[in-house]
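Please go through the metal site and the strand pairing of the structure shown below. Questions and answers follow.

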Amino acid sequence: MVCFCFLVDQKSVVRRSKPVAGTCSRCRHGALVADMQTATRFCYIPFYWKSWKAIVCSFCGSILKSYNT
Ligand SMILES: [Zn+2]
């Protein structure tokens, strides 16, 4: 039996964050500026890493604004 393994996914993690002026448009909690890192994985093995900055909500985690670096 042949096992097809075309499982590509992306996983984002927050490397560091600090409070920034601004509030979340959804829940009105404070915003954070975060250094994000996204790993693109193939069969759960990361093969590509991308670092980027984003303004995220400290409470619900929604991304309010993102910057490509
Ligand atoms: Zn929020």
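Donors are N, O and S atoms within 2.8 Å of the metal. The model is a predicted one.

Q: Which residues are the protein donors of the zinc ion?
A: A donor has to be an N, O or S atom within 2.8 Å of the metal. Sulfur atoms lying 2.2 to 2.3 Å from the zinc ion meet this cut-off, and they belong to Cys24, Cys27, Cys57 and Cys60.

Q: How are the donor residues of the zinc ion spaced in sequence?
A: The donors are Cys24, Cys27, Cys57 and Cys60, each through SG. Written as a pattern, their spacing is C-x2-C-x29-C-x2-C.

Q: Is the site of the zinc ion tetrahedral or irregular?
A: Four donors count as tetrahedral if all angles lie between 85 and 135 degrees. The ideal value for four tetrahedral donors is 109.5 degrees. Here the angles among the 4 donor atoms are 102 to 122°, so the site is tetrahedral.

Q: Is Cys57 buried or exposed?
A: Buried means under 20% relative accessible area. Cys60, at 37%, is partly exposed. Cys57 has a relative accessible area of 4% and is therefore buried.

Q: Which are the edge strands of the open sheet?
A: The sheet has 4 strands in the order β1-β2-β3-β4, with antiparallel pairing. An edge strand pairs on one side only, which here applies to β1 (8–23) and β4 (63–67).

Q: What is the bridge partner of Ser17 in β2?
A: β1 pairs with β2 (residues 30–42) in the antiparallel sense, over 13 bridges. In β2, the partner of Ser17 is Ala34.

Notes: Residues are numbered from 1 along each chain as its sequence is written. This is a predicted model: local features need pLDDT of at least 70, side-chain atom pairs count only at pLDDT 80 or more; totals for chains, interfaces and linings use all residues. Side-chain values use heavy atoms; hydrogens and water are left out. Donors are N, O and S atoms within 2.8 Å of the metal (3.2 Å for Na, K and Ca); water is not among the atoms, so sites may look incomplete. Four donors count as tetrahedral if all angles lie between 85 and 135 degrees; four count as square planar and six as octahedral if opposite donors are over 155 degrees apart and all others between 65 and 115; anything else is irregular. Buried means under 20% relative accessible area, exposed over 50%, partly exposed in between (1.4 Å probe, protein chains only). Two strands pair if DSSP finds at least two bridges between them. Helices (H or I, at least four residues) and strands (E, at least two) are DSSP runs, numbered from the N terminus.
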